[in-house]
Amino acid sequence: MIHYLPTIHSQREGFEQLAALAKAAHELSASRLEVNFSRCRFFDANMAAPLAAVLARVADEFNAVEIVKVPGAIESILRKNQFLVAYGYGPLEDANHTTLPFIRVKLADEGRFADYLKHHMNGKGIPRMTEALGKRFRESIFEVFQNAVIHSRSRLGIFVCGQFYPQLQRLDITIADAGIGIRNNVRRFFKNDKISSVAAIRWALREGSTTKIGSQPGGIGLKFLKDFIELNKGKIHIASRLGFFEFGNGGETFAKLAADFPGTVVNLEINTGDTSVYRLRSEISPADIF
């Protein structure tokens, strides 16, 4: 089977295009999938994470997966972030240090993701933060990763990738899984098979909503990131099964995807043109105010 991948951006249409690939290859078993990039004019490098989640599911059905005819500029960036290395392409040095490399993390290997954030977030245009806030910021992203580990039941692992776009003044970090999706998780929690993907995402985003068992509160990391993104004028995207959410530009949007994305993707888009200096409220003293 040959699938011609179109242009992919970090937005609703991009997630729908990857969902369309998943749908097209859904019945494939013990066969071959050729992902042809010849019609792809641009590929946001961070979207390698959800693409990898889709292709991992295809490969798990004993299919051979090949990526071919990648345009030069796209091939270059996807070799620099090491996504294409798993498909027989050689790595390229990222001399400009704009990539957050693609990694596939096993569910039991949370420490690897913590190290990833520590070593690859610096120098990517993130607005200035105090040391305490920077630590809390990384902890919040780590909680999003933990939620994928806890809720996704993705035996194929978690897929992470990011990209700094200096000219566009943005940094995207994307976490994807090939798990059961938010809808299935919420349906199991409420024992209600009629909850839609959009309704499930809407519920999951309410402060305090969690399907975790025990006393640990949920949603704290995402709430912190939403508060930061609102001030920073960035964006958050979530795509899961047939549901899509976007937060940014002073509002939020819930929508139904045109195709079913198998799993969940969270994309954090930071406005690197933000010149503000951020600190925790607890760090503010009367001297700062007066």
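Helices, of at least four residues, and strands, of at least two, are DSSP runs that are numbered from the N terminus, and these names are used in the legends below for a model that is predicted.

**View 1. F62, in the loop between α2 and β3, has a positive phi.** The loop that holds F62 runs between helix α2, residues 48–60, and strand β3, residues 64–68. Most residues other than glycine have a negative phi. F62 is not a glycine, and yet its phi is positive, at about 65 degrees. Is F62 buried or exposed? Because exposed means a relative accessible area over 50%, F62, at 69% relative accessibility, counts as exposed.

**View 2. K233, in the loop between α8 and β8, also has its phi on the positive side.** K233 lies after helix α8, residues 220–232, in the loop that leads to strand β8. Its phi is near 65 degrees, which is a positive value in a residue other than glycine. With a relative accessible area of 64%, K233 is exposed.

**View 3. An open sheet is built from 5 strands with antiparallel pairing.** Across this sheet the strands follow the order β4-β6-β7-β9-β8. The edge strands, each of which pairs on one side only, are β4, residues 99–105, and β8, residues 235–248. Neighbouring strands of the sheet are turned against each other by 15 degrees on average, with direction ignored.

**View 4. Strands β8 and β9 run antiparallel, and two helices pack on the sheet where these strands lie.** How many bridges join β8 to β9? There are 13 bridges between β8 and strand β9, which covers residues 251–271, and in one of the pairs F247 has E252 of β9 as its bridge partner. Helix α1, residues 12–24, packs on the sheet and touches both β8 and β9, while its direction makes about 145 degrees with that of β9. Helix α7, residues 197–204, packs on the sheet as well, touching β8 and β9, and its direction makes about 45 degrees with that of β8.

**View 5. In residues 213–218 and residues 285–290, pLDDT stays under 50.** The protein averages a pLDDT of 90, and 92% of the residues score at least 70. For residues 213–218, where pLDDT stays under 50, the model has 6 contacts beyond four places in sequence. For residues 285–290, where pLDDT also stays under 50, the model has 3 such contacts. Where pLDDT is low, the predicted coordinates should not be read in detail.

Definitions and conventions: Residues numbered from 1 in each chain as written. Predicted model: local features only at pLDDT ≥ 70, side-chain atom pairs only at ≥ 80, totals over all residues. Heavy atoms only, no water. Pairing = 2+ DSSP bridges. Axes fitted to C-alpha atoms, helices over the stretch in contact; angles between N-to-C directions. Contact = heavy atoms within 4.5 Å. Buried < 20%, exposed > 50% of the residue type's maximum accessible area, 1.4 Å probe, protein only. pLDDT = per-residue confidence, 0-100.
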